[in-house]
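Visitor: Could you take me slowly through one part of this molecule, beginning with a single residue and then widening the view to what surrounds that residue?

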Amino acid sequence: MPQPVAVLGTGKIGEALLSGMIRAGWAPADLLVTTRRSERAAELRTRYGVDPVSNAEAAKQADTLILAVKPQDMGRLLEELAPHITSDRLVISAAAGITTSFIEEHLAAGTPVVRVMPNTPVLVDEGMSVISAGSQATAAHLAHAEEIFGAVGKTLRVPETQQDACTALSGSGPAYFFYLVEAMTDAGILLGLPRDKAHDLIVQAAIGAAVMLRDSGEHPVKLRENVTSPAGTTINAIRELENHGVRAALIAALEAARDRSRELASGNNS
């Protein structure tokens, strides 16, 4: 693996990635981190044994730079980094909606860029990171990005034209499930259960269903039909979901998320 690697922006995703890389075998001495606050720098040094540096120093020292900042901060960061990044470095962006072409335009000609859209389950090593190559990125660059993000979950290569759809489906996806669990827990309370018991029931049902989807190889329709007996409780619940347009609402929600990702790519951060 190329050394060293720098994580620029150590919020929740950046820290989760840093932690996963160390567990996967990266030596803390080969990892650089940047952060805005001195107290955060001290925290990361104590927790992981890494050396917090400035953005400029990270750009000078690291062979691979992972830009884990908010989309609205990317332009300013690239302006700061550009004088220090040569075309033999690999730049990986983990910012929603930021295209590889946008990054390439700010850096030296020929700089390889890889775009990655992780989601928050990287915090528990169950993330899904969607990976796309920029115009100068090679198969080796993609493999290196997969090696890094594979430390905190699964990875999937897609053409960059599919990134906005993947952001809507996977990047934002955990929030939809949290929203559903919240609503079902409230329903459990309405049905007479204490909140903690309703929460435990729904969370375990969600975990069990997810494992069945992952491991059984069955289509979700088949798995649902296995629970849906004639004139039973489940089919009555499904009927109400259909009556209230839940399927259509989910499709509209995903389209709205995709459209917002496109707006971020076009520079509309408001």
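Guide: Before we begin, one term is needed: a polar contact is a pair of N or O atoms within 3.5 Å, where, within protein, one atom must be able to donate a hydrogen and the other to accept it. Please also keep in mind that what you see is a predicted model.

Let us start at Ser 93, which has its place in strand β5, residues 90-93. With a relative accessible area of 0%, Ser 93 is buried, and its side chain reaches the backbone nitrogen of Ala 95 at 3.4 Å. If we leave aside the neighbours within four places in sequence, the residues in contact with Ser 93 are Leu 67, Met 74, Ile 98, Ile 103, Val 114, Arg 115 and Val 116.

From that list, let us follow Arg 115, which lies in strand β6, residues 113-117. Arg 115 has a relative accessible area of 4%, and it counts as buried because the limit for that word is under 20%. The side chain of Arg 115 reaches the backbone oxygen of Ile 98 at 3.3 Å, and, again without the neighbours within four places in sequence, the contacts of Arg 115 include Ser 93, Val 130, Glu 160, Asp 164 and Ser 261. Although Arg 115 and Leu 67 are 48 residues apart along the chain, their C-alpha atoms are separated by 9.7 Å.

Leu 67 takes us to strand β4, residues 64-67, where Thr 64 and Ile 66 point one way while Leu 65 and Leu 67 point the other way, and all of them are buried. As a general rule, the side chains in a regular strand alternate between the two faces of the sheet. Strand β4 pairs with β5 in the parallel sense over 4 bridges, and here Ile 66 stands opposite Ile 92 in β5. Strand β4 is also joined by 4 bridges to strand β1, residues 5-8, and these two run parallel, with Val 5 opposite Thr 64.

Between β4 and β5 there is a helix to consider, since β4, helix α4 (residues 74-81) and β5 make a right-handed β-α-β unit. In the loop between β4 and α4 we find Asp 73, which counts as buried at 16% relative accessibility. A polar contact of 2.9 Å joins the side chain of Asp 73 to that of Arg 76.

Now we can widen the view to the whole sheet, which is open, has 8 strands in the order β3-β2-β1-β4-β5-β6-β7-β8, and shows mixed pairing. Strands β3 (51-52) and β8 (153-157) stand at the edges, each with a single partner strand, so one side of each is left without a neighbour in the sheet. Strand β1 is joined to strand β2, residues 31-34, by 4 bridges, and the two run parallel; in this pair Ala 6 stands opposite Leu 32. Helix α1, residues 12-23, packs on the sheet and touches β1, β2 and β4, while its direction makes about 170° with that of β2.

To close, we may look at a pair of helices. Helix α7, residues 163-171, and helix α8, residues 173-190, pack at an angle of about 30°, with their axes 5 Å apart, and the two are therefore roughly parallel to each other. The contact is made by Ala 168, Leu 169, Ser 170 and Gly 171 of α7 together with Gly 173, Pro 174 and Tyr 176 of α8.

How values were computed. Residues numbered from 1 in each chain as written. Predicted model: local features only at pLDDT ≥ 70, side-chain atom pairs only at ≥ 80, totals over all residues. Heavy atoms only, no water. Buried < 20%, exposed > 50% of the residue type's maximum accessible area, 1.4 Å probe, protein only. Contact = heavy atoms within 4.5 Å. Pairing = 2+ DSSP bridges. Right-handed = clockwise from strand over helix to strand, strands pointing away. Axes fitted to C-alpha atoms, helices over the stretch in contact; angles between N-to-C directions. Parallel < 35°, antiparallel > 145°, perpendicular 65-115°, else oblique.
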